[in-house]
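Dear colleague,

I am passing on to you the structure we spoke of, with the sequence beside it. Please look it over before reading on, as my notes on what was found follow below.

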Amino acid sequence: MTQLLEKALSEASKLPDAEQDALAAILLEELASEQRWAESFGKSQDVLAKMAEEALAEYRAGRAQPL
């Protein structure tokens, strides 16, 4: 655990129980959201690579226009 996280948790431990629970719920939801994003992004790599290949092929064929 990093020193900054240790300090944050130490400070949070001084809060009333209800505030600790609220902070914990926010942190857990943020971690879960980050995990869902990472999984979703990881699954889309093949699709993104295919789209990039198609875009490059259109560019090389002269069918792309500047925005």
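**What was found**

Gln-65 lies in the segment after α3. Please keep in mind from the start that this is a predicted model. With a relative accessible area of 71%, Gln-65 counts as exposed, because the cut-off for that word is over 50%. From the C-alpha of Gln-65 to that of Ser-44 the separation in space is 26 Å, while along the sequence the two residues are 21 apart.

At the other end of the numbering, Met-1 is found in the segment before α1, and with a relative accessibility of 67% Met-1 is exposed too. Between Met-1 and Ala-25, which are 24 residues apart in sequence, the C-alpha to C-alpha separation is 19 Å. Another pair that is 24 residues apart along the chain is Glu-19 and Lys-43, and here the C-alpha atoms are separated by 36 Å. Glu-19 has its place in helix α2, and its relative accessibility of 43% makes Glu-19 partly exposed.

**The largest pocket**

Which helices each supply at least two residues of the lining of the largest pocket? They are α1, which runs over 3-12, and α2, which runs over 17-43. The largest share of this lining comes from α2, with 5 residues. The space in the pocket amounts to about 170 Å³, and the residues that line the pocket are Leu-5, Ala-8, Leu-9, Ala-12, Ser-13, Gln-20, Leu-23, Ala-24, Ile-26 and Leu-27. Sorted by class, 8 residues of the lining are nonpolar and 2 are polar, and no charged residues are present there.

**The nonpolar surface patch**

On the surface there is a nonpolar patch of about 530 Å², which is made by Trp-37, Phe-41, Val-47, Leu-48 and Met-51. Both α2 and α3, the latter covering 45-60, supply at least two residues of this patch, and the largest share, 3 residues, comes from α3. Trp-37, one of the residues that make the patch, has its place in helix α2. Why does Trp-37 count as exposed? The reason is its relative accessibility of 54%, since exposed means over 50%.

**The salt bridges**

How many salt bridges does the count come to? The count comes to 2. In one of them the side chains of Glu-11 and Lys-14 meet, with 3.0 Å from N to O. Of these partners, Glu-11 is partly exposed at 43% relative accessibility, whereas Lys-14, with a relative accessible area of 58%, is exposed.

In the other salt bridge Arg-36 pairs with Glu-29, and the closest N and O atoms are 3.0 Å apart. Here Arg-36 counts as partly exposed at 47% relative accessibility, and Glu-29 is likewise partly exposed, with a relative accessible area of 44%.

When you open the model, you might begin with the lining of the pocket, to which α1 and α2 each supply at least two residues, and then turn to the patch, to which α2 and α3 each do so.

With best wishes

Terms used:
Residues numbered from 1 in each chain as written. Predicted model: local features only at pLDDT ≥ 70, side-chain atom pairs only at ≥ 80, totals over all residues. Heavy atoms only, no water. 1 Å grid on protein atoms, 1.4 Å probe; cavity = no way out; pocket = protein on both sides within 12 Å on 5 of 7 lines; lining within 4 Å. Points joined across faces, edges and corners; volume = space filled by probe spheres on them. Helix = DSSP H or I, 4+ residues; strand = E, 2+ residues; numbered from the N terminus. Nonpolar A, V, L, I, M, F, W, Y, C, P; charged D, E, K, R; others polar. Patch = residues over 30% accessible without salt bridge, like charges linked within 9 Å, V, L, I, M, F, W, Y side chains within 5 Å. Areas by Shrake-Rupley, 256 points an atom, 1.4 Å probe, with all protein chains shown as cover. Salt bridge = Lys/Arg side-chain N within 4 Å of Asp/Glu carboxyl O. Buried < 20%, exposed > 50% of the residue type's maximum accessible area, 1.4 Å probe, protein only.
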